[in-house]
Amino acid sequence: MKKNLFLYTALVCILTGCELERMDYSLISTETFLKNEDDAKYLVTACYNDMKDQGDAGFWSCYNGDSFLLTPEMTTDILTCNWGDGGTWSGLNELKYTPTTGRALYPYNNYNKISKYTMDIDRIENLPMANEDLKKRYIAEIKTMRAWLSYLIYTHYGTFPIASLEILKDPVREQIIPRATEQEMDLFIEQDLKDAIAVLPQKYDDSDWGRFTKGTAMTILMKFYMQKARWKEAESVGREIMGLGYSLMDNYEDVFSKEHEKNNEVIYSNPCTSTFFNQWLTCVLPYNFVTKNPAIAKYSGFRVFWSFYDTFEKGDKRLSGLLGEYTASDGVVYNRQNPGGAGDMGVGALPVKYGEDPTAIGNKSTIALIVFRYPDVLLLLAEAINRQSGPTGEAVALVNQVRLRAGLNVLASDKYLSMEKFNETILLERGHELYCEGHRREDLIRHGKFIEYAKLRPNTLADDFKVLFPIPQKYINEGKGVILQNPGY
């Protein structure tokens, strides 16, 4: 990739709780910017803004095509979309994407941010700061962001070119860098996370809520180890996370509410404002859905397939956020038997997931967008133990902990008769607990089920090589034969 593609925005924002203080840097230069601790804080906060939803941007947002939350989830057995936009959304469900077409290409556009973070780390490292601990924390935050985005690109597209600082500091000479090896990629991600874990605090006060913690970096590292089948290391990290003081909320529905957005179950969530907002509920609700806040926009888009909805056990409290029917503004009950023209429930249930924001106007909910939760870790730990030792009592108890909160009975013995059977149970439990939170695709791939499940959907081009998305052809063209496409495309 070309080194001169890295751009910097003229406007950076600083988080203060969930509010944003705007700073105008329209004349940014090396002479005027990054001269003091305040500048360093703005630079770090600008990195956080890369993942936030501004309506059509953000790599962990719930609307745009560049999102690693939404786009990959649409390729699984859970999520689909009603919008008729020429087949770009259905193309994800049916795996109909190529190096030149389809929404699966969009998230790769975040690639250039990796080099931006490398430059940002260098700038802060070379900035004289009286508070060395704060300086180290800022660097750790950016390393966490760099590692997380690298992990997301890696698991979706495979390895990518890693530009060294030396190359990035020489913008005049063009140098095409080949894709990293698997070993180089693994070391790059793992080392960033280990460096960050050694520095990041376990928690912040409210003024810095929304910054990465030790638990955030450890959760990403655990996920990385799981995808690499490094079960022992994943287990070790999972046990450390359990010692950080997280706990399950009593009520599943409360986890996603405005009143409880800083609850102790959330390991990391993305603070939202009227500038960087949460569009999930807007993207789900049918046009005739009755809300307490009439100002909420309703786009009638996202649906959970009925086939997945039907896998839930009767009485599962998690169905409170997954509606099989609703009474519309006209008094009619809409469901799969009576989908309705406005309701469009023919394809699936409504994954409302997040509660109403009473202050929302249009599509701008300020409820924090959840990224990592404690039950994710509990279920990954159960799987890591099972992968090594089979269905031990401890592993089963971890799954039951999540089930009991959902109002379900403990697992029947036939659900963990063997390692294979227990893995199937854990995969289903993860789907029920974490649906529409951006983890399903990597779960299916880890369990070897991604293509198998895709073949069950009609009109799907479920070729085995589609466990990876294609690298967009424009990057292959820029690579002039050095950057190679993923096999099969």
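How many helices and strands does the secondary structure of the protein chain come to? The count is 16 helices and nine strands. The model behind every view below is predicted.

**View 1. The whole protein chain has the radius of gyration of a compact globule.** For 489 residues, such a globule would have a radius of gyration near 23 Å. The protein chain has 22 Å, which agrees. Its C-alpha trace spans about 65 × 55 × 45 Å along the principal axes. Of the 489 residues, 59% count as buried. Long-range contacts are frequent in sequence terms: among contacts between residues at least 6 apart, 69% join residues at least 24 apart.

**View 2. Helix α4 is mostly covered.** This helix takes in residues 132-157, 26 in number. From first C-alpha to last, α4 reaches 37 Å, close to the 38 Å expected at 1.5 Å a residue. Of its 26 residues, 23 are buried. N131 caps the N-terminal end. A side-chain oxygen of N131 lies 3.2 Å from the backbone nitrogen of D133. Past the other end, just after α4, G158 takes a positive phi of about 85°.

**View 3. The largest nonpolar core holds 136 residues.** Three of them, F59, W60 and W148, touch the most other members. Helix α4 supplies the largest share of this core, with 14 residues. W148 falls within the residue range of α4, 132-157. Setting aside residues up to four places away in sequence, W148 touches M51, F59, W60, F212, I220, V371 and F372. F59 and W60 are thus named twice here, as partners of W148 and among the residues that touch the most other core members. Another core, of five residues, lies apart from the largest one. Its members include M119, I167, L168 and I177.

**View 4. Three strands form an open sheet in the order β3-β5-β8.** The pairing is antiparallel. β3 (79-81) and β8 (348-349) stand at the edges. Each has a single partner strand, so one side of each is left without a neighbour in the sheet. Strand β5 covers residues 302-305, and three bridges join β3 to β5. On this pair, L79 stands opposite V304 in β5.

**View 5. Strands β4 and β9 run antiparallel.** Four bridges join β4 to β9, which covers residues 369-373. β4 covers residues 266-270 and is mostly covered, with five of its five residues buried. V266 has R373 in β9 as its bridge partner. The β9 range, 369-373, also takes in V371 and F372, two of the residues that W148 touches.

**View 6. N293 sits in the loop between α9 (280-284) and β5.** Is N293 buried or exposed? It is buried, with a relative accessible area of 9%. The N293 side chain reaches two backbone oxygens. One belongs to D357, at 3.1 Å. The other belongs to A360, at 2.9 Å. Leaving aside neighbours within four places in sequence, N293 is in contact with E356, D357, P358, T359 and A360. D357 and A360 therefore appear in both the contact list and the side-chain reaches, at 3.1 Å and 2.9 Å.

Technical notes. Residues are numbered from 1 along each chain as its sequence is written. This is a predicted model: local features need pLDDT of at least 70, side-chain atom pairs count only at pLDDT 80 or more; totals for chains, interfaces and linings use all residues. Side-chain values use heavy atoms; hydrogens and water are left out. The expected span of a helix is 1.5 Å times one less than its number of residues. Buried means under 20% relative accessible area, exposed over 50%, partly exposed in between (1.4 Å probe, protein chains only). A polar contact is a pair of N or O atoms within 3.5 Å; within protein, one must be able to donate a hydrogen and the other to accept it, and residues adjacent in sequence count only if both atoms are side-chain atoms. Two strands pair if DSSP finds at least two bridges between them. A nonpolar core is a set of buried Ala, Val, Leu, Ile, Met, Phe, Trp, Tyr and Cys residues joined through side-chain atoms within 4.5 Å. Contact means heavy atoms within 4.5 Å. The radius of gyration is taken over C-alpha atoms; the globule rule is 2.2 Å times the number of residues to the power 0.38.
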